[in-house]
Amino acid sequence: MKYIAVIDYDRLDHPLFMKSFSGAMGQQKSCTGIILHGDSAYTERLIQTGMMREDAVLRSTSDLNHRIVALLADNSVSAVGVNGYQKNIISLSGDKLSIDRHWIDSRPPGTHLILSNLVRDQSSQKITPVSLRTLTDALSHRLECRTVFLFSREDENDSLFTDRANQKSTGTKNRQEVLRLVPEELLPPPKNSYLGTTHDFANLPDISHFHPLFPKKK
């Protein structure tokens with residue numbers, strides 16, 4: 001199974017979540033994922049040391065990329081970490097993202113890719129972050145990946161996802177309750193996305209406990 005998973009700003013700075021996340025990836029079977037991330041509250045701590053915000057964002061994001069790879073390695077998960085601008089994997093021209101699919105697809109089978117949202121702006125030749133939602137949609141389209149996983153803001157509380165009867169409900173209130181659990185920076189949800197917990201993530205390729213965030217076709 002191939003998928004894209006997104007770790008938002010708040011989850012990146014949540015040690016218990018990251019521990020659960022890396023452990024979950026170690027339990028998956030026959031999966032190859034692309035894990036997207038940006039920066040976290042670590043950026044603010046760097047700014048407090050006197051670093052300029054632009055530099056702090058780049059430093060924070062790059063450091064987090066290395067940390068995620070190391071955390072996965074501790075759980076015997078094979079992963080390669082890279083920032084979007086490296087090797088010209090992702091570049092920005094105006095409001096359009098160009099993605100080197102060949103490079104992404106050429107990694108060894110079973111090796112996960114930890115990819116940051118730092119890309120190269122072709123007009124200024126500067127490294128800049130793009131929104132995770134924008135990057136997720138662009139990657140999903142370019143790689144023809146129709147399975148995108150987001151993580152609940154209440155990862156320890158999976159009641160909405162384990163209650164089968166509740167999932168089958170099509171009421172507006174139920175959908176609003178689910179959307180409330182989507183990280184704010186990922187609203188509206190990216191295309192082809194599902195919401196769940198790290199417990200659900202560990203069970204991949206079984207996605208039955210994830211909640212689809214896209215309208216169902218009638």
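Me: In which helix is Ser 60 found?

Reply: Ser 60 is found in helix α4, which covers residues 53-73. Please keep in mind that the model is predicted.

Me: How many residues does α4 have, and how far does the helix reach?

Reply: The general idea is that an α-helix has 3.6 residues a turn, so residues three or four places apart point the same way. In this structure, α4 has 21 residues and reaches 30 Å from its first C-alpha to its last. That value is close to the 30 Å expected at 1.5 Å a residue.

Me: Which residues of α4 are buried?

Reply: The buried residues of the helix are Ala 56, Val 57, Ser 60, Thr 61, Ser 62, Leu 64, Asn 65, Ile 68 and Leu 72.

Me: Why does Ser 60 count as buried?

Reply: Buried means under 20% relative accessible area. Ser 60 counts as buried because its relative accessibility is 0%.

Me: What does Ser 60 touch, leaving out residues up to four places away in sequence?

Reply: With those residues left out, Ser 60 touches Asp 39, Ser 40, Tyr 42, Thr 43 and Leu 46. With Thr 43 there is also a polar contact of 3.1 Å between the two side chains.

Me: Is Ser 62, which lies in helix α4, buried or exposed?

Reply: Ser 62 is buried, because its relative accessible area is 18% and the cut-off is 20%. A polar atom of the Ser 62 side chain lies 3.0 Å from the backbone oxygen of Leu 58. Residues up to four places away in sequence aside, Ser 62 touches Asn 83 and Leu 118.

Me: Where is Met 51 found, and why does this residue count as partly exposed?

Reply: Met 51 is found in the loop between α3 (42-47) and α4. Partly exposed lies between the 20% and 50% cut-offs, and Met 51 counts as such because its relative accessibility is 23%. Apart from neighbours within four places in sequence, Met 51 is in contact with Leu 46, Ala 56 and Arg 59.

Me: How should separation in sequence and in space be read for Met 51 and Pro 129?

Reply: The two separations are stated side by side. Met 51 and Pro 129 are 78 residues apart in sequence, and 17 Å apart in space from C-alpha to C-alpha. For Leu 113 and Val 82, 31 residues apart along the chain, the C-alpha atoms are separated by 7.6 Å.

Me: Where is Leu 113 found, and which residues does Leu 113 touch?

Reply: Leu 113 is found in strand β6, residues 112-116. Leu 113 counts as buried because its relative accessibility is 1%. Not counting residues up to four places away in sequence, Leu 113 touches Gly 33, Ile 34, Ile 35, Val 80, Val 82, Trp 103, Ile 104 and Arg 107.

Me: How is empty space found, and what is the volume of the second largest pocket?

Reply: Rolling a probe the size of a water molecule over the atoms shows where empty space is left. Here the second largest pocket has a volume of about 270 Å³. Its lining has 15 residues, and the closest to its centre are Lys 2, Thr 32, Ile 34, Asp 105 and Arg 107. Elements that give two or more residues to this lining are β1 (2-7), β2 (32-37) and α5 (101-105).

Me: How do the lining residues of the second largest pocket divide?

Reply: Seven are nonpolar, three are polar and five are charged.

Key:
Residues numbered from 1 in each chain as written. Predicted model: local features only at pLDDT ≥ 70, side-chain atom pairs only at ≥ 80, totals over all residues. Heavy atoms only, no water. 1 Å grid on protein atoms, 1.4 Å probe; cavity = no way out; pocket = protein on both sides within 12 Å on 5 of 7 lines; lining within 4 Å. Points joined across faces, edges and corners; volume = space filled by probe spheres on them. Helix = DSSP H or I, 4+ residues; strand = E, 2+ residues; numbered from the N terminus. Nonpolar A, V, L, I, M, F, W, Y, C, P; charged D, E, K, R; others polar. Buried < 20%, exposed > 50% of the residue type's maximum accessible area, 1.4 Å probe, protein only. Polar contact = N/O pair within 3.5 Å; in protein donor to acceptor, adjacent residues only side chain to side chain. Contact = heavy atoms within 4.5 Å. Expected span 1.5 Å × (residues − 1).
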